[in-house]
Amino acid sequence: MREEIYLWMQNVAVFYIVLTSFLHLVPDPAYERYVRFFMGILLIVIMSTPILALLGKSRDFMTVFQEHYLENNLKKEQRELESFREEFLEQETQRTLQDMMEEQEEAEEGSEKNGDESRSLDTAAEQNGETAVADSDSSGASSDGDRHAGIR
């Protein structure tokens, strides 16, 4: 019993030494308040250890603490994973939409070029005094109807 009390007092003394040295290492005095709060919680745990040991509850206390810690850690990891998943899906959706818009713009540019070429051919034919006949076949081959009308 005497050794346990001595060990407990030794732990408290080491804790205060570590606390004091850590407070001197804090870069900004504004953080000192948070360090003191955290160290106060640790001091409560250190002070309650012998009392819980006398009651035989120290193992129960540690088991409950570990269970809650693991549960909270798992929930945190699940939230982070969900956030990464949502971010990834959003980025992929944006890439897909951007690719689709680029393809549509390329298709529109291609159709505008084809439209410009057919317009220039129509104007050239009108300037020569001939009327252009719109044909759905864009291969350039003349049909039988064009041969009879004298248009090539």
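This passage walks through the predicted model of the protein chain, from its overall build to its core, its salt bridges and its surface patches.

Start with the overall build. The protein chain has four helices and no strands at all, so the pattern read along the sequence is simply α-α-α-α, given that helices and strands are taken as DSSP runs numbered from the N terminus. Among these, helix 1 covers residues 2-25, helix 2 covers residues 29-55, and helix 3 takes in residues 58-127. The protein chain holds 152 residues, and 8% of them count as buried. Its accessible surface comes to about 13900 Å², with 57% of that belonging to carbon and sulfur atoms.

Where do buried nonpolar residues gather into the largest core? That core has seven residues in all: Phe15, Leu19, Leu23, Val26, Val35, Met39 and Leu43. The elements giving two or more residues to this core are helix 1 and helix 2. Each member of the core counts as buried because a nonpolar core is, by its definition, a set of buried residues joined through side-chain atoms.

Next come the charged pairs. A search of the whole structure turns up four salt bridges, and three of them can be looked at here, including one in helix 2. In that one, Arg36 pairs with Glu32, and the closest N and O atoms sit 3.3 Å apart. Why are these two residues about one helical turn apart? Arg36 and Glu32 are separated by about one turn because they lie four residues apart in helix 2. Both partners keep some contact with the outside: Arg36 is partly exposed, with a relative accessible area of 48%, and Glu32 is partly exposed too, at 29%.

Helix 3 has salt bridges of its own. Lys75 and Glu71 meet through their side chains, at 3.4 Å from N to O. These two residues are four apart in helix 3, or about one turn of the helix. Lys75 counts as partly exposed because its relative accessibility is 40%, and Glu71 is likewise partly exposed, with a relative accessible area of 40%.

Further along helix 3, the side chains of Arg85 and Glu82 form another salt bridge, this time at 3.2 Å from N to O. Here the spacing is three residues, so Arg85 and Glu82 are again separated by about one helical turn. Arg85 is partly exposed at 48% relative accessible area, while the value for Glu82, also partly exposed, is 35%.

Now for the surface patches. Which residues make up the negative one? It is formed by Asp99, Glu102, Glu103, Glu105, Glu106, Glu108, Glu109 and Glu112. One of these, Glu106, is found in helix 3. Is Glu106 buried or exposed? Glu106 counts as exposed because its relative accessibility is 54%, and the cut-off for that label is over 50%.

A nonpolar patch also shows up on the surface. Met62, Phe65, Tyr69 and Leu70 form it, and together they have about 450 Å² of accessible area. Phe65 has its place in helix 3. With 49% relative accessibility, Phe65 counts as partly exposed, because the exposed label needs over 50%.

Conventions: Residues are numbered from 1 along each chain as its sequence is written. This is a predicted model: local features need pLDDT of at least 70, side-chain atom pairs count only at pLDDT 80 or more; totals for chains, interfaces and linings use all residues. Side-chain values use heavy atoms; hydrogens and water are left out. Buried means under 20% relative accessible area, exposed over 50%, partly exposed in between (1.4 Å probe, protein chains only). Accessible areas come from the Shrake-Rupley method with a 1.4 Å probe; for residues, only the protein chains shown count as cover. Patches are made of residues with over 30% relative accessible area and no salt bridge: like charges are joined within 9 Å, nonpolar side chains (Val, Leu, Ile, Met, Phe, Trp, Tyr) within 5 Å. Lys and Arg count as positive and Asp and Glu as negative; His and the chain ends are not counted. The place of a charge is taken as NZ of Lys, CZ of Arg, CG of Asp or CD of Glu. A nonpolar core is a set of buried Ala, Val, Leu, Ile, Met, Phe, Trp, Tyr and Cys residues joined through side-chain atoms within 4.5 Å.
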